[in-house]
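Here is a structure to look at for the first time. What can be read from its atoms?

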Amino acid sequence: MSRQEESLRPEEFAEAAVAAVSDVLDRGVRDTATVLAAAGLLGVCAQESRGGLGLGLAFGVPVCEAAGSLQLHFPLVQQMVLAKAFADSDIAQALIAGEKIATIAWQGSVAEKSASHASYADACDWILVADETGASLLETASLRLQANGTMDPEYPQFDVDLASAVVKARLSADAFATLKDDALVLSAGFINGLSAEALTRTAQYTSTRVQFARPLSAKQVVRHTLARMQLLHETSTAALRRALLTNEFGASRDVAPAFSGALGNAVFIIEKAIHLHGGMGFTWELPLHYSLREVHKIEAAFNNGRRLEGLGAQFIATV
């Protein structure tokens, strides 16, 4: 840890992120990028030589947690990891400054000439897609986009036709692997933010909603459910914090278990939050279903089912 990191606290970034994200909730994607860039959030983990802060992922996590808790609709995780991955380059500088917006198509490849699960692609200048030797950053203007609203009709992901793709830059295999690990870390933070807000609102609601002269939280089954939700949220938070620390041998830990755990726990927490609010999947005045959609979109984009199979096989082999 550098001296700069020792003198700073991640919690301070959470406070700054809440203020900035709150300011952009009713703005378009371009305006959002400008405000977040001015607050220094897009370059938290990027190199200082291009306008970033040069801090570790531990400082990016609270930023993403704040974005999740406020249900920010912007490719924040993608912008942050791409700004870090392209290091000392004009591309990184443009992303950090909010002059350009980029996203990532998590599935598909240049060789297949198609990709999918690209969030907010219609508002982006660049899209990163895997290729034979790593990944290629493509000019969005050269691509054909098709909105796929199967999982979220209001904020759809995009399928991308790469037949006429124009390559802006490339990442090596090692750089792309690092980017994917970074994305798992920050996405887990975003997911934990979604579940934290659902839990907080549910606790407030059940303590003030009165039935038969007693608040809902006085009922044992409600209290047990809230306790279970809190336990799972704290488990996800602790697992992510642990994944950012080196193990007893000084080596980096695999973040995949923390990421997959955060997904599963968030689904439980948000679904129970919807249930305790009296909803059957939708709570329009308190849009918890947006949070549930976001979790499921992230789960599908990273093919978490396959990831869980791999983790299970790895565990069995280790034992």
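The questions and answers below go through this predicted model.

Q: Which residues of helix α3 are buried?
A: Helix α3 covers residues 29-38. A residue counts as buried when its relative accessible area is under 20%. In α3 the buried residues are V29, T32, A33, V35, L36 and A37.

Q: Against which helices do the buried residues of α3 pack?
A: Contact here means heavy atoms within 4.5 Å. The partners of the buried residues of α3 are α2 (10-24), α5 (76-85) and α6 (90-96).

Q: Which residue with a positive phi follows α3?
A: After α3 comes a residue whose phi is near 80°. That residue is G40.

Q: Is F315 buried or exposed?
A: F315 sits in helix α11, which spans residues 304-318. Its relative accessible area is 57%, and the cut-off for exposed is over 50%. F315 is therefore exposed.

Q: Which residues make the nonpolar surface patch of about 400 Å²?
A: One member, F315, belongs to helix α11. The patch is made by F315, I316 and V319.

Q: What is the volume of the largest cavity?
A: Searching the whole structure gives one cavity of 30 Å³ or more. The volume of the largest cavity is about 260 Å³.

Q: Which element gives the most residues to the lining of the largest cavity?
A: The largest cavity is lined by 18 residues, and those closest to its centre are Q78, S119, F190, E294 and I298. Two or more lining residues come from each of α5, β2 (114-119), α7 (173-208) and α10 (288-301). The top contributor, with four residues, is α10.

Q: Which element gives the largest share of the lining of the largest pocket?
A: The largest pocket holds about 650 Å³ of space. Its lining has 25 residues, with L57, A58, A243, L244 and L245 closest to the centre. The elements giving two or more residues are α2, α4 (57-69), α7 and α8 (220-243). The largest share, six residues, is from α4.

Q: Is K297 buried or exposed?
A: K297 is a residue of helix α10. Its relative accessibility is 5%, and the limit for buried is under 20%. K297 therefore counts as buried.

Q: Which residues does K297 touch, not counting residues up to four places away in sequence?
A: K297 belongs to helix α10. With those sequence neighbours set aside, K297 touches M151, D152, Y155 and Q157.

Q: How many residues apart in sequence are the parts tied together by D152 and R293?
A: D152 and R293 form a salt bridge, with their closest N and O atoms 3.3 Å apart. D152 is in the loop between β5 (144-148) and β6 (157-161), while R293 is in helix α10, so the pair ties together parts of the chain. D152 is buried at 1% relative accessibility, and R293 is buried at 13%. The separation in sequence is 141 residues.

Q: Which residues are linked with D152 and R293 in a network of salt bridges?
A: D152 and R293 themselves form a salt bridge. The other members of the network are E154, E294 and K297.

Q: How many residues apart are D88 and R50?
A: The closest N and O atoms of the salt bridge between D88 and R50 are 2.8 Å apart. D88 is in the loop between α5 and α6, and R50 is in the loop between α3 and α4, so distant parts of the chain are linked. D88 is partly exposed at 47% relative accessibility, as is R50 at 21%. In sequence, the two are 38 residues apart.

Q: Which residue meets R27 in a salt bridge?
A: The whole structure has 13 salt bridges. In the one that includes R27, the N to O distance is 3.5 Å. R27 is partly exposed at 39%, and its partner is partly exposed at 41%. That partner is D23.

Q: How far apart in space are A141 and D122, C-alpha to C-alpha?
A: A141 lies in the loop between β4 (134-139) and β5. A141 is exposed, with 81% relative accessibility. A141 and D122 are 19 residues apart in sequence, and their C-alpha distance is 9.5 Å.

Notes. Residues are numbered from 1 along each chain as its sequence is written. This is a predicted model: local features need pLDDT of at least 70, side-chain atom pairs count only at pLDDT 80 or more; totals for chains, interfaces and linings use all residues. Side-chain values use heavy atoms; hydrogens and water are left out. Buried means under 20% relative accessible area, exposed over 50%, partly exposed in between (1.4 Å probe, protein chains only). Patches are made of residues with over 30% relative accessible area and no salt bridge: like charges are joined within 9 Å, nonpolar side chains (Val, Leu, Ile, Met, Phe, Trp, Tyr) within 5 Å. Accessible areas come from the Shrake-Rupley method with a 1.4 Å probe; for residues, only the protein chains shown count as cover. A salt bridge is a side-chain nitrogen of Lys or Arg within 4 Å of a carboxyl oxygen of Asp or Glu. On a 1 Å grid over the protein atoms alone, a cavity is a set of points where a 1.4 Å probe fits but cannot get out, and a pocket is an open set with protein on both sides within 12 Å along at least five of seven lines; lining residues have an atom within 4 Å of a point. Grid points are joined across faces, edges and corners, and a volume is the space filled by probe spheres set on the points.
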